[in-house]
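Trainee: I have a new structure to look at and I'd like to learn how to read it. Could you take me through it step by step?

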Amino acid sequence: MGLALSKLRSIDPDVLFSYTTYKVVKVRDRYLGILYYACVACIFVYIIYSIFAQELYLKKEVPVAGYIRTNVQLNVPASKELPAYCSTPPPLSNNSTFGGCLSWSPNQILYPHSTPSPHLLITTRITTATTPPLSCSPTSPTCAVPSYTELVAAGNTSVTTYYIPHIEHLSIQVDHGVRVHFGTNIFGPGGQVVHGKGMKGKLLSGCGSAETPQTVIKEWDEAYRNDPSLPTRLDTFTVSDLLHAANCTGKTMIDLDAESPADGAKPREPLRSSGMVISLPLVYRNRQNFKHASEIKYRYIPAMIPGSEYKMLQTVTNPDGSVTYMNRHGILLSFDQAGQIGHFNLMALLTALVAATALLRVATILVETLMLWIMPLRNLYKKAKFEGTEDFSDVRDRRDLEERLAWEERLRRVERMEGIESSSNLETKTVDVRMIHQKA
């Protein structure tokens with residue numbers, strides 16, 4: 001214990017509580033300085049551009065709890081001639097007949113009609129088949145209505161196929177709203193709820209790909225929303241507009257009379273007969289700036305799913321107990337609400353700044369690499385930057401020598417104190433010296 005206390009008293013406090021710091025070498029070379037500050041300036045400009053271009057100062061959230069409701073209208077005069085496809089039958093089954101075009105109302109064309117559903121079927125072709133009236137009790141376990149597949153395969157039932165005319169002129173009205181939740185924050189609102197009529201929107205073509213530039217097909221701005229002459233302020237576009245926008249080539253509209261590429265389509269069956277699927281996302285976004293602090297915009301970016309087809313079987317029970325099957329083929333619109341809505345957040349800005357300023361280290365690494373390995377005066381730069389220390393093997397050798405001399409001096413001192421003369425037994429003397437050293 002006493003030995004440990006003596007060692008603690010022998011420690012220099014300046015050594016125990018010393019402060020370690022890095023040595024900075026200032027290289028007085030204009031070329032290195034210009035290169036370094038030029039790199040720092042470029043990185044700083046890139047950081048500022050990224051923060052504002054990518055809106056890194058916003059806390060962004062995806063829309064939640066939104067809704068979409070659709071409706072259709074068909075404003076075609078009754079005197080308008082039927083199109084040519086009304087006299088061109090699609091590939092039919094053996095017992096099926098082609099009935100030309102069936103003039104339906106918008107409520108019949110749209111399925112389901114005027115419901116808040118993310119999926120909407122626009123009927124372009126329909127095949128009808130009706131079972132015979134029931135001749136038995138519906139409660140009897142042996143009284144079963146034949147399925148649509150059994151009815152068509154039977155061959156003794158009238159199956160008729162029709163086209164729906166003027167489908168390209170069908171007008172689609174979309175009512176939508178969205179809510180976004182930002183969470184509790186002392187620097188911003190906790191959430192925001194916006195109706196579609198309070199936003200500006202566009203219908204874009206080109207599918208949003210990098211190869212095909214997007215073009216505006218329809219636009220709903222403030223002037224459209226405030227126009228009293230319009231029957232509605234909802235988003236309105238025709239099927240023709242949609243077919244134009246959903247073509248990912250961005251050149252021409254999708255031709256419904258072209259051959260369908262779907263695997264389940266029959267040879268030479270047109271798209272009008274097989275049907276197809278169009279993905280129709282509503283992408284919401286806002287750009288927080290000083291002029292328009294909370295303006296939210298949205299975009300429709302439709303795209304046809306390649307090789308797709310769509311059909312839906314609808315059943316109607318008649319009063320006589322018979323069942324009418326309506327096999328609908330058409331354009332399925334699959335709506336989806338996506339995007340990001342944000343508001344200014346101080347922590348988001350600070351996080352972006354801290355992450356971006358780490359790029360400044362790139363300037364230091366670049367300049368030091370050139371300075372130490374490429375520049376003509378690289379050897380002088382290395383001497384100025386790196387300082388070699390003393391060889392610690394020599395330090396250890398000197399320390400061992402000093403300890404050995406001190407031990408010999410102490411041994412001689414002990415011999416004089418005890419009056420011990422030279423002895424031939426070095427081992428005995430060494431033991432005595434150790435015992436005396438321990439007593440001391």
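Mentor: Let's start with one residue: methionine 347 sits in helix H9. Helices (H or I, at least four residues) and strands (E, at least two) are DSSP runs, numbered from the N terminus. Before we go on, this is a predicted model, where local features need pLDDT of at least 70, side-chain atom pairs count only at pLDDT 80 or more, and totals for chains, interfaces and linings use all residues. Residues are numbered from 1 along each chain as its sequence is written, and side-chain values use heavy atoms, with hydrogens and water left out.

Trainee: Does methionine 347 count as buried or exposed?

Mentor: The general idea is a cut-off on relative accessible area: buried means under 20%, exposed over 50%, and partly exposed in between (1.4 Å probe, protein chains only). Methionine 347 has 53% relative accessibility, so it counts as exposed. Its C-alpha is 9.2 Å from that of leucine 58, although the two are 289 residues apart in sequence.

Trainee: What about the protein chain as a whole: how many helices and strands does it have?

Mentor: There are 13 helices and 16 strands in the protein chain. Of its 440 residues, 34% are buried. For contacts, think of heavy atoms within 4.5 Å. Among the protein chain's contacts with a separation of 6 or more, 70% are between residues 24 or more positions apart.

Trainee: How do I check the length of a helix such as H3?

Mentor: The expected span is 1.5 Å times one less than the number of residues. H3 has 24 residues and should therefore span 34 Å, and its end C-alpha atoms are indeed 34 Å apart.

Trainee: Which residues of H3 are buried?

Mentor: Here is a useful general point: an α-helix has 3.6 residues a turn, so residues three or four places apart point the same way. In H3, the buried ones are Leu32, Cys39, Ile43, Ile47, Ser50 and Ile51. They pack against helix H9 (346–357), H10 and H11.

Trainee: At what angle do H3 and H10 pack?

Mentor: Axes are lines fitted to C-alpha atoms, for helices over the stretch in contact, and angles run from 0 to 180 degrees between N-to-C directions. Under 35 degrees is roughly parallel, over 145 roughly antiparallel, 65 to 115 roughly perpendicular, and the rest oblique. H3 (residues 30–53) and H10 (residues 360–373) pack at about 155°, with axes 9 Å apart. That makes H3 roughly antiparallel to H10. Residues making the contact include Leu35, Tyr36 and Val40 of H3 and Leu366, Val367 and Leu370 of H10. Sorted by class (Ala, Val, Leu, Ile, Met, Phe, Trp, Tyr, Cys and Pro nonpolar; Asp, Glu, Lys and Arg charged; the others, Gly among them, polar), the contact has 13 nonpolar, one polar and no charged residues.

Trainee: And how do H10 and H11 cross?

Mentor: Their axes come within 6 Å and cross at roughly 115°, with H11 covering residues 378–385. H10 and H11 are therefore roughly perpendicular to each other. Glu368 and Trp373 of H10 are among the contact residues, as are Arg378 and Tyr381 of H11. This contact has four nonpolar, no polar and four charged residues.

Trainee: Which backbone angle should I look at for glutamate 55?

Mentor: Look at phi: glutamate 55 is not a glycine, yet its phi is positive, about 55°. Glutamate 55 lies in the loop between H3 and strand S1 (58–61), and its 4% relative accessibility means that it counts as buried.
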